[in-house]
There are 2 protein chains.
Amino acid sequence: MTIKEVSEKYDLSADTIRYYERIGLIPHVPRKENGIRDFDEAACGWVEFSKCMRSAGVQVEALIEYVDLFFKEGTEEARKDILVEQRARLQEQYEQLKATMERLDYKIAHYEEIMGKKCPNLKA
Amino acid sequence: MTIKEVSEKYDLSADTIRYYERIGLIPHVPRKENGIRDFDEAACGWVEFSKCMRSAGVQVEALIEYVDLFFKEGTEEARKDILVEQRARLQEQYEQLKATMERLDYKIAHYEEIMGKKCPNLKA
DNA sequence: TTAACACTTAGAGTGTACTCGAAGTCAAGA
DNA sequence: TCTTGACTTCGAGTACACTCTAAGTGTTAA
């Protein structure tokens, strides 16, 4: 698969994918003889994984570290630790998000109430 | 209240609070005769609100717009629209977060499993 | 065979949200 | 009185994560 196809498949710009490879957020992508990237299943998997993690807010730095460890033996525990730490971060974000959404709901309900009073004919 | 007290109360740097006021993310804070900020209850409320929204990921731009409208009459609907849009954004983040957390859980469980096999004596 | 277009690298530029530095004012304690 | 330290403004600097540009190569369709 070309970078363009991968870019469309996962809705990530080709620039971003190249950037991810350059900084080590995804491992080196195989090339054709002419040097053009030719994504195999593994490479696609990494793109998909990085997209999922990044769109939830996992830091680039943590992913680079994880990918780096992934190709070294005996690093299972260190890899797990990274995942556990990131999971805890997401949990915090989750709580914060839930609380803020509730607060927004409350405020929205308030606006709906006062608008209902001011424009009772909107419903007529 | 001084900016330092407010900063400690809400765990936001004084720099950030001044920045928020400067860009209009919180309304103008009352001053003493010597020009020093003297936060009243309303000002504290705005700080708390902005902290809550920002830490959930609500954009600075949207909050500035909201605060701006807040002091103009007849903008209730526009204000509500901002809140509704931001609420939808948070909902999306929420879904993404949930999915990624589940994925991390799965990966973490996998590491725990292989580590259990490799080091069965850890439990002994 | 030549134009159009996708690809390559390396490095510079951008947007968002702070964060810091400089220069100055003011109040309280040694 | 002098120093310490918190405050002020305003503009510059930083961190993070892209995003774009330049210069060049390779492939395909007219």
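**Two chains, two DNA strands**

Modeller: Let's start with how the chains meet: 100% of the interface residues of chain A are also interface residues in chain B, so the copies meet through the same surface. Contact here means heavy atoms within 4.5 Å. This is a predicted model, where local features need pLDDT of at least 70 and side-chain atom pairs count only at pLDDT 80 or more, while totals for chains, interfaces and linings use all residues; side-chain values use heavy atoms, without hydrogens and water. Residues are numbered from 1 along each chain as its sequence is written, with chains lettered from A and ligands numbered from 1 in the order in which they are written.

Biologist: Which rotation superposes chain A on chain B?

Modeller: Copies are fitted by least squares on C-alpha atoms of residues with pLDDT of at least 70 in both. Here, chain A falls on chain B after a rotation of 180 degrees with 0.0 Å of shift along its axis, at an RMSD of 0.1 Å. The two copies are therefore related as by a two-fold rotation axis. In chain A, Y94(A) has the C-alpha nearest the axis, 3.3 Å from it.

Biologist: Now the DNA. Which residues are closest to DNA strand C?

Modeller: A residue is near a strand if one of its heavy atoms lies within 4 Å of it. By that rule 17 residues surround DNA strand C, and the closest are K4(A), R18(A), R31(A), R37(A) and R54(B). Sugar and phosphate make up 73% of the DNA strand C atoms that come within 4 Å of the protein.

Biologist: What reaches the phosphate oxygens of DNA strand C?

Modeller: Look for pairs of N or O atoms within 3.5 Å, the cut-off for a polar contact. The side chain of R18(A) has an N or O atom 2.7 Å from a phosphate oxygen of DNA strand C. Backbone N or O atoms take part too: K4(A) has one 3.2 Å from a phosphate oxygen of this strand, and V60(B) has one at 3.5 Å. Two or more residues each come from α1 (3-10) and α2 (14-23) of chain A and from α2 (14-23) of chain B; helices are DSSP runs of H or I, at least four residues, numbered from the N terminus. The largest share, 5 residues, belongs to α2(B).

Biologist: And which residues come nearest to DNA strand D?

Modeller: Of the 18 residues around DNA strand D, those are Y20(A), R54(A), R18(B), R31(B) and R37(B). Here α2(A) gives the largest share, 5 residues. Phosphate oxygens of DNA strand D lie 2.9 Å from a polar side-chain atom of Y20(A) and 2.7 Å from a side-chain N or O atom of R54(A). A base nitrogen is reached as well: a polar side-chain atom of R22(B) lies 3.4 Å from one in DNA strand D.

Biologist: How many residues of each class does the surface near DNA strand D have?

Modeller: Ala, Val, Leu, Ile, Met, Phe, Trp, Tyr, Cys and Pro count as nonpolar, Asp, Glu, Lys and Arg as charged, and the others, Gly among them, as polar. The surface near DNA strand D has 5 nonpolar, 5 polar and 8 charged residues. Near DNA strand C, the division is 5 nonpolar, 4 polar and 8 charged.

Technical notes
A polar contact is a pair of N or O atoms within 3.5 Å; within protein, one must be able to donate a hydrogen and the other to accept it, and residues adjacent in sequence count only if both atoms are side-chain atoms.
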